Each structure stands twice: as structure tokens, then as C-alpha cells.
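Work through the exercises below with the sequence and the 3D view at hand. Try each task before reading its solution.

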Amino acid sequence: MILKIALLIAVLINLPRTLTFFDINTKLVDSFSEVSIRDIIIRFLFLFMMSLVTLELNTNWKNIYSQYTIFWRTCITIALNAIWFLGIVKLFVLMYPIATGQLLSESEIGFMYFVYFIILIINVFIARILRYQTVHQEDLIENERLKQQNLQKELTALKNQINPHFLFNSLNSLNSLVRDNKEATTFIKELSFMYRYILQSGERDLVSLQEELKFLDSYIHLIKARYRDRFMIDIAIDDMCLQREVPPLAL
């Protein structure tokens, strides 16, 4: 990009001397139409429209066909710029006599093509720079968003580590407070085992049926502590099936 910009500046700076070398300046000045307010206004409007559409086309409107490969994107961009360039110059040549009452000479029309082509090239370069800045800014925003997401995930993971740790510490403290009550300490141990099993099995897709039955025993103990004799359950599973695997918490 730097190389292209440097080349463009070198060409533009040497353009007046190139025109003088081929004696084009004198020919153009002699054939130029008379300068008037209408002449200045229509030229200003067309140059403004030329620059505005070219910049939009090469900066923002390229997103419309961004799903194509770089080859097709380049072909479409060149085609659209060429169509716009030829169309705007043709429109200027048609509108100029209507707006000013003066006719453009052949040499001046040729010069208009030259001027508008230079403006097209300049706008394309500027649009490339703007496009690069836009993409760079979008990348910065996306990176910042990803950083925020990573920080949020780290915070969530930290919370998930702290919460079970706090829970088990609380259960241990409660267990020490009611150590003389065998039924209460058993209840706390079974509850602690249940939560530990839930946390550990969450990282696995399958567990053995034997492990799942141990969890079920703890769950049954908690239910019986609540409902007493109103809750009854019988488990009859062949020992050959204990090593079979089931999803965690399936029972």
C-alpha cells in the first residue's frame, strides 16, 4: 500500500510537467469553454458525486459481494468502477450544454475523461486506506470482545471453583457442630458425597452403573430422612451389569 501511494504521488506531482512536455496545456487552454458560475457549479457537483460514489463503492458497498473469492471481488470492483467512470463522464458531457448553454470541444471532452480517471484512481487509493482502517478497527473491536469473553469465562470458572469449595467447607463445619448426632452427621456426609459426585460426573459423559448406584444410595438416604417410612425402594441388579456404563445422574 505504501509503495502504491508513493507511486501515485510521484505520477501526480509530475503530471503538469508531462502535459507541458507534450504541449497539451496550450491546446487545452485554447479550447476550454468560458468560465461561469454555472460552469463552476456543475463541475463541482459532478466531481463531488464522482468522489462520493467511488469512495462508497470501494469502501462500504464492497461488503455486499464479500462472500465471493478475491478474484471475483476484484473483477466485480473493476467492472463497477469502470461503468461508474464512463457513466458519470457521459452524463457530464450530456448535462453540461443544458446547464451552461455551452458546448464542450472534443479536446475538452478528452481532457474530462483524463481528469475523471485521475480522480477515480485517487479515490480508489483513499478508499483502500479507509477500508484498511475499518477492517483494522473491526479486528480491534473483535479482539477486545474476545478478551472480555475470556475474562468472563475465567471469572465464571473461578466462581464455580469457589462455590463448591465454600459449600464443602460449610458442610464440614456443620458436621463438626453436630458430631454427637449420628443421624445428622450421616445425612451431611451423604449430602456432601452427592454434591461431589454431581460436580465430578459433570466432566464425564458416562459412568459405571456401580458408581451411579452409590450416588443413588446417598440420594435414597436423604429422601428417607425426609419421608421416613413413607418412602420405600427396592434395587435388584445383577452383579454382571455393575460395570456397564450409563449417563451420569440417569438413575
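The exercises that follow concern a predicted model.

**Exercise 1. Overall layout**

Task: State how many helices and strands the protein has, and in which pattern they follow along the sequence.

Solution:
- Step 1. Counting the elements gives 7 helices and 2 strands.
- Step 2. Reading along the sequence gives the pattern α-α-α-α-α-α-β-α-β.
- Step 3. The protein has 251 residues, and buried residues make up 24% of them.

**Exercise 2. Salt bridges within one helix**

Task: Find the salt bridge between D39 and R43 and the one between R145 and E142, and say where the partners lie.

Solution:
- Step 1. The whole structure contains 3 salt bridges.
- Step 2. In the pair D39 and R43, the closest N and O atoms are 2.9 Å apart.
- Step 3. Both D39 and R43 belong to helix α3, where 4 residues, about one turn of the helix, separate them.
- Step 4. For R145 and E142, the N to O distance is 2.4 Å.
- Step 5. R145 and E142 are both in helix α5, 3 residues apart, again about one turn of the helix.
- Step 6. Partly exposed means between 20% and 50% relative accessible area. R145 has 39%, so R145 is partly exposed. E142 has 33%, so E142 is partly exposed as well.

**Exercise 3. A network of charged residues**

Task: Which residues are linked with R43 in a network of salt bridges? Decide for D39 and E108 whether each is buried or exposed.

Solution:
- Step 1. Side chains of opposite charge can pair when their charged atoms come close.
- Step 2. R43 forms a salt bridge with D39. R43 also meets E108 in a salt bridge, at 2.7 Å from N to O.
- Step 3. This second pair links distant parts of the chain, with R43 in helix α3 and E108 in helix α5 (residues 106-177), 65 residues apart.
- Step 4. D39, R43 and E108 are therefore linked in a network of salt bridges.
- Step 5. A residue counts as buried under 20% relative accessible area. D39 has a relative accessibility of 5%, so D39 is buried. E108 has 2%, so E108 is buried too.

**Exercise 4. A nonpolar patch**

Task: Name the residues of the nonpolar patch on the surface and give the accessible area they have together. Then place L52.

Solution:
- Step 1. The patch is formed by I37, I41, F44, L45, F48 and L52.
- Step 2. Together these residues have about 640 Å² of accessible area.
- Step 3. L52 sits in helix α3, which covers residues 37-59.
- Step 4. Patch residues need over 30% relative accessible area. L52 has 42%, so L52 is partly exposed.

**Exercise 5. Two helix pairs**

Task: Describe how α3 crosses α4, and how α6 crosses α7.

Solution:
- Step 1. Two packed helices are described by the angle between their axes and the distance between the axes.
- Step 2. α3 and helix α4 (residues 70-100) pack at an angle of about 165 degrees, and their axes are 11 Å apart.
- Step 3. Angles over 145 degrees count as roughly antiparallel. α3 is therefore roughly antiparallel to α4.
- Step 4. The handedness of the crossing of α3 and α4 is right-handed.
- Step 5. The axes of α6 (residues 182-201) and α7 (residues 209-227) come within 9 Å and cross at roughly 140 degrees.
- Step 6. α6 and α7 are therefore oblique to each other.
- Step 7. The crossing of α6 and α7 is left-handed.

**Exercise 6. Residues apart in sequence**

Task: For M112, A127 and M232, give the location, decide whether each is buried or exposed, and give a C-alpha distance to a second residue.

Solution:
- Step 1. M112 is in helix α5. Its relative accessible area is 5%, so M112 is buried. M112 and K90 are 22 residues apart in sequence, with their C-alpha atoms 9.9 Å apart.
- Step 2. A127 also lies in helix α5. At 0% relative accessibility, A127 is buried. Between A127 and N60 there are 8.9 Å from C-alpha to C-alpha, for a sequence separation of 67 residues.
- Step 3. M232 is in the loop between α7 and β2 (245-246). With a relative accessible area of 66%, M232 is exposed. The C-alpha atoms of M232 and I220 are 9.0 Å apart, and the two residues are 12 residues apart along the chain.

Terms used
Residues are numbered from 1 along each chain as its sequence is written. This is a predicted model: local features need pLDDT of at least 70, side-chain atom pairs count only at pLDDT 80 or more; totals for chains, interfaces and linings use all residues. Side-chain values use heavy atoms; hydrogens and water are left out. Patches are made of residues with over 30% relative accessible area and no salt bridge: like charges are joined within 9 Å, nonpolar side chains (Val, Leu, Ile, Met, Phe, Trp, Tyr) within 5 Å. Accessible areas come from the Shrake-Rupley method with a 1.4 Å probe; for residues, only the protein chains shown count as cover. A salt bridge is a side-chain nitrogen of Lys or Arg within 4 Å of a carboxyl oxygen of Asp or Glu. Buried means under 20% relative accessible area, exposed over 50%, partly exposed in between (1.4 Å probe, protein chains only). Axes are lines fitted to C-alpha atoms, for helices over the stretch in contact, and angles run from 0 to 180 degrees between N-to-C directions. Angles under 35 degrees count as roughly parallel, over 145 as roughly antiparallel, 65 to 115 as roughly perpendicular and the rest as oblique. A crossing is left-handed if the near helix is turned anticlockwise from the far one by less than a right angle, and right-handed if clockwise.
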